[in-house]
Amino acid sequence: MHDGLGQHPAPTHVVAHVSDTHLLAGGALLGGAIDTAEHLRSVLERLELAAPTADALVVSGDCTDLGEPEAYALLRELVEPVAARMGARVVYAAGNHDERGPMWRALHDIDEAAPYDHVHDVGGLRIVSLDSSLPGFHHGGFDDGQAQWLADVLAEPAQHGTLLVMHHPPLPYRARIMQVLEFQDERRLAEVLAGSDVRAILSGHLHVNGSGTFAGIPVILANATSYADDLAAGPTAFQGIDAAQSANLLEVYPHTVAHSVVPGRAHPSLSPLPADLHARLAALDAAGRVERFSRKR
Ligand SMILES: [Fe+2]
Ligand SMILES: [Fe+2]
């Protein structure tokens, strides 16, 4: 059902995006201080309020901090009931803090050491999860086999195009020390994506909200649900703070993709607009809505 009041049709798809959940076994505190399980619970609760019928729920890597099997079990316990209520497909991606073996075992119940690569068809929107982690390292890349696999996947366009989920954003990194941990196969990725139907790249890794373009494709970073980088610590630092946790919403339209941020915690609110305002505006025609709600008094 479309209950919009403006000039655009409803989005064809809504994608909820969280990243860098950094869970530990048993919900242990990260660094002895940060309750990453509770933070994820809170972010998901607010995300569900923001997008109760999202089509997909993406977790773009660093799902766990140490790759512990129990941490993946906790991830599923927190994420999957929310996704089920939304009716959303869950799309996991691997990050540099994940471990492939335990991730395959926990999420698919198989013994596997291959890159954690997947393709999902979500009502005609293709969501590709590309494993940009490199075993034993924190920087990112992908191998020849993955490049061929991705090229094969993208050979035929999807009805509503493709979203590519990869933990390491293919962008220049502001935080100087994180530049050591960048995605190091940009040229090859650009070759694979040239002429493809990829409409946006969803990433995390930097624990900031951000965006850029890669080969003309929007790259959208979700901040972490665990801890954020305090940019005010300066350009040579990477300073984790127990604040600014959030999730992203991506609304996919036939002609564009729009992105917004959902604050991960409740904050003091202004007094709300009248609860029936939407219904009253919906009962008016376009000119009446402008008169009622746009004209300055
Ligand atoms: Fe992370
Ligand atoms: Fe990361």
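**Group meeting: a walk through one predicted chain**

Okay, let's start at a single residue: P69, which sits in helix α2, residues 69-86. Before I go further, keep in mind that this is a predicted model.

So, is P69 buried or exposed? Neither, really: P69 has 15 C-beta neighbours inside 10 Å, so it counts as partly exposed. Buried would need 20 or more. What does P69 touch, once you leave out residues up to four places away in sequence? The answer is P102, R105 and A106. M103 belongs in this part of the story as well: P69 and M103 are 34 residues apart in sequence, yet their C-alpha atoms are 7.3 Å apart.

Right, let's zoom out. The protein chain has 7 helices and 13 strands. Its radius of gyration is 20 Å, close to the 19 Å that the globule rule gives for 297 residues, so the chain is as compact as a globular protein of that length. If you box up the C-alpha atoms along the principal axes, you get roughly 60 × 45 × 40 Å. Of the 297 residues, 37% count as buried. And on contacts: take the ones between residues at least 6 apart in sequence, and 70% of them join residues at least 24 apart.

Now for some backbone oddities. D20 isn't a glycine, but it has a positive phi of about 50 degrees. Where is D20? You'll find D20 in the loop between β1 (13-18) and α1 (36-50). D20 has 28 other C-beta atoms within 10 Å, so it is buried.

A244 is another non-glycine with a positive phi, this one near 65 degrees. A244 also lies in a loop, between β11 (240-241) and β12 (246-252). What about its surroundings? A244 has 19 C-beta neighbours inside 10 Å, which means it counts as partly exposed. The cut-off for buried is 20, so please don't lean too hard on that label.

Last stop, a hairpin. Strands β4 (residues 118-122) and β5 (residues 125-130) run antiparallel, and 5 bridges join them. Which residue of β5 is the bridge partner of H120? That's I127. Between the two strands of this hairpin there are 2 residues, and G123 takes a positive phi near 55 degrees.

To recap the phi values: D20 is at about 50 degrees, A244 is near 65 degrees, and G123 in the β4 and β5 hairpin is near 55 degrees. Okay, that's my tour; over to you for questions.

Conventions
Residues numbered from 1 in each chain as written. Chains lettered and ligands numbered in written order. Predicted model: local features only at pLDDT ≥ 70, side-chain atom pairs only at ≥ 80, totals over all residues. Helix = DSSP H or I, 4+ residues; strand = E, 2+ residues; numbered from the N terminus. Rg over C-alpha atoms; globule rule 2.2 N^0.38 Å. Buried ≥ 20, exposed ≤ 12 C-beta atoms within 10 Å, placed from the backbone. Contact = placed C-beta atoms within 7 Å. Pairing = 2+ DSSP bridges.
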